[in-house]
Amino acid sequence: MCGIVGFKVKWDFREFERDMASAVACLRHRGPDDHGIYFDKYNGIGLGHSRLSVIDLSKAGRQPMSNENGNIQVVYNGEIYNFLEIRTTLENLGHTFKTNSDTEVLLRAYEHWGIECLNRFIGMFAFGIWDRQKQRLFLARDRLGIKPLYYYLDENYLIFGSELKAIMSFSKFPKQIDPDAISLFLHYQYIPAPKTIFLNTYKLDAGCYAIFERNGMQIKPYWTIPPICSRFRQFKGPEKEAVEELDKLLTTVVSDHLISDVPLGALLSGGIDSSLVAALMQKVSSGPVRTYTIGFSEEKYNEAPWARSIAEYLGTEHTEFIVTPKEALDVIPRLAELYDEPFADSSAIPTYLVCSLAKSRVTVALSGDGGDEQFAGYVRYWAVVALLQKVEKLPKKAKTALGRILKMFPSSWVEKAYLPLRDHLPQRFRVANFGDKWDKLINLIEYSSLESLYRMAICIWPQRDVMALLGRDVPKSKFEDIFGQNNDRSPLAKLMRVDQHTYLVDAMLTKVDRASMGVSLEVRVPLLDHRVVEFTWRLPDKLKYKNGEGKHVLKNVLSRYLPVSMFQRPKMGFGVPIGQWFRNELKDLITDYLSAESLRKEGLFNWELINQKINEHFSGKVDHQYRLWAILMWEMWRERWL
C-alpha cells in the first residue's frame, strides 16, 4: 500500500498520477494479484494498493476500497483474524456487506467505532484510511509491528508506504541521508524506529496510530508491551496449570491464524518454536500440513535433519531443500533491493530461500518467530545476567587483564577446542557457533552495568569503533529509552522487554516481512499474537528460565506433541557461514566493495580501520564476519539506491 497527502500545495496532476502508478508498480512483489489507485484531486489525496489475494479472491476485494458515498477510502496490508466475529457484530448493529473480505470489515469498523476500532482487531496489519468528511488521514500499525508502515513528512506533503521504495518513487521525495542513521545501523545491524536511513522519513512504531490533518500530525500509542498491573495480574498458579493454559491459548491462536482462501503451510526449522507451531497446525487440521525446510552442507548450520525427523513424527507433507553455497551466494545481490534501507542480518539469506521454497506450493505460511523474545530463548539473556553478577565484583584492572588474556586465544581455536567437550557439558553450556560467542564474551568483560553489558552482547560495531569508523557517536534510541523504564522489573524481564521493542520489530520482523513478501508469500506469526504476548507477560521468570535453560514452559507444551529428545539440543539460530565465505567464495566481493581505493573515494569511513578488520578476519585471528557484513551491506545498498 502507498499514498500521498498534500493539503497545502498546488498539484501537477500528471506528475501526481505518474508517481502513484510508479509507487504501486514497485510494490507488485507484495501484491501481484490485483492493484488499484484512488485520487481525491480536490483535496490532493492519492492512495494506491497492490494486492496479494488471501481472503475473498474476487475482484470485489480490490483496494483502495470505499464506503457507499466514497467519503471513506482504505488501503490495508495484513490480516484481521477475527474479522468474521467483528462482521457479525456490525451486522447486528445494522451494517451491510458487499464482500467477504476482511478489508470491508476494517472499513465498516472504522465507520462505526472510529479510531477505537483498533482495539477490536486481532491480527497483523498496517493501513491508511482517508476520511474526506473529517479531512484526516488515519494511519495505524498492529500491536507488535508485524506489518511495516513508513512515512515521509515535511511542511507540504505526507507520503506513506509499506516499503521505503514506494516513498522513494515519488518525485517530491528528497532522498537525503540521515547521518545518525548510519551510526545506528553499524551499531545494531538495523536502524531502530522511528528513524529510517532518510531525513524526515520515519517508521510508524508498533502499536501506534497517527492522525494527519491540515494543522499537523499526531502520533499516539494504543497498545504497548503490558506491565504487570491489575489488568494483567501475574500468574500465580502451579506450573502444570500454566502449561495447560498456554497450550489451550496457542491452539486457539494457531487455529485462528489458519483462516484463508488459499493454501497454507509452515516454515519448519526444527527448533522449538517452529516445531510447536507445526505441531499445533497439524493438531487442528483435517489433513497433513505442508512444512518447508532448507539446510546447508555445513553441519554446524544445518538443522534440516532435525526438521525432517519432526515432520515425519507429526505426519506433515514435508519439503526439504539443501542449499548449495552458490545458491545462497546468489541471493546476496538481491538483498539491497529487498531491504530498501541498510540491513545487516545475514540470516536474511536463508529466510529468503525458505520463503521461496514455500511459495512454490502455498501463498500463506506460519512461522515460529517471537518465541525467543518472550520465553528467554536467547543464550545472551542468562549469560549477560550471570556475567553481570561476576563482573561487578572485579576491580577494573582485573577486568582489563582478564580481557587481554582471553584475547590471546583466537575464536577459531576456541571453537575447535570446545566442540569435543560440548556434549559432556550441562545443557545450558551447549551452544552452537561457540567461536562467535567467545569474541562477544571478551568484549563484555570490560562492562559492568546491565545496559552496557547487553549493548555489547548485541551490537555489531561497538560505540568506540563507530566513532573511530565514522567520526560520529551512536545517538540514543529506543534501546536507552526502554532500559530507562520499569526499573522494578527483573534483569531477565528487562532484557526481553528491550528486545520486544527493538530487535524483534526492527530486525527480526523486518527480515521476515521483506524476505517473504519479496516472493509474494504471506508469513503469519502466531507466537506474536497479542493474546499470547499478554499471557506470557503474566508468567513469572521461573516459568520461562529454569535450571539454566530458557523456554521452560514452552518446552513443556511442546513435549505434549513431540518426544523431548527431538528438540532438546543446542540452539543454532538461522544463520549462514558468512565468516567462512568471506575467506573463500566471497573474498572477491569483499576486496571489490571494501577496497581501500573505493572506501577512500567514498570518504565516509575510516578505510584503514576496515582494512585492518579485513586482514584480521582473513588470517583467522579474529572473526569479524558481522562487522564486515554490515559494511558490505551498506556499500551494496548505497550502490543500488544512491
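The following exercises, with worked solutions, concern the interior, the aromatic rings and the backbone of a predicted model.

**Exercise 1. Describe the nonpolar cores and the surroundings of L186.**

Step 1. Begin with the largest nonpolar core, which has 155 residues. Within this core, F138 and L186 have the most contacts.

Step 2. Identify the element that supplies the largest share of this core: helix α28 (residues 625-641), with 10 residues.

Step 3. List the contacts of L186, leaving aside neighbours within four places in sequence. L186 touches I460, W461, V466, L469 and L470, and also F605, A630 and I631.

Step 4. Turn to the second core, which is separate and has 38 residues. Among them are L249, L268, V277 and L558.

**Exercise 2. Classify the ring pair of F138 and Y209, and place it in the fold.**

Step 1. A pair of aromatic rings is described by the distance of the centres and the angle of the planes.

Step 2. For F138 and Y209, the ring centres are 5.9 Å apart and the planes stand at 80°. Planes over 60 degrees apart count as edge-to-face, so the pair of F138 and Y209 is edge-to-face.

Step 3. Locate both residues. F138 belongs to strand β7 (residues 136-141) and Y209 to strand β11 (residues 208-213), so the pair ties together parts that are 71 residues apart in sequence.

Step 4. Assess burial, for which the cut-off is under 20% relative accessible area. F138, at 0%, is buried, and Y209, at 13%, is buried.

Step 5. Extend the view to the cluster: ring pairs link F138 and Y209 with Y110, F121, F125 and F127. The count of aromatic pairs in the model comes to 21.

**Exercise 3. State where a charged side chain lies over a ring.**

Step 1. Consider K41, which lies over the face of F13 at 5.4 Å from the ring centre.

Step 2. Consider R380, whose charged end sits over the ring of Y378, 3.9 Å from the centre of that ring.

**Exercise 4. Locate the cis peptide bonds and positive phi values listed below, and contrast A376 with N547 in exposure.**

Step 1. The bond from Q63 to P64 is cis, with omega near 0°. P64 lies in the loop between β3 (45-51) and β4 (65-66).

Step 2. The bond from A193 to P194 is also cis, with omega near 5°. The loop between α5 (179-188) and β10 (201-203) holds P194.

Step 3. A376 has a positive phi, near 60°, and lies in the loop between α12 (371-374) and α13 (379-391). N547 has a positive phi, near 55°, and lies in the loop between α22 (530-536) and α23 (552-558).

Step 4. A376 is buried, with a relative accessible area of 2%, whereas N547 is exposed, at 65%.

Definitions and conventions: Residues numbered from 1 in each chain as written. Predicted model: local features only at pLDDT ≥ 70, side-chain atom pairs only at ≥ 80, totals over all residues. Heavy atoms only, no water. Core = buried A, V, L, I, M, F, W, Y, C linked by side-chain atoms within 4.5 Å. Buried < 20%, exposed > 50% of the residue type's maximum accessible area, 1.4 Å probe, protein only. Helix = DSSP H or I, 4+ residues; strand = E, 2+ residues; numbered from the N terminus. Contact = heavy atoms within 4.5 Å. Phe/Tyr/Trp six-rings, centres within 6.5 Å; stacked < 30°, edge-to-face > 60°. Lys NZ or Arg CZ within 6 Å of the ring centre and 35° of its normal.
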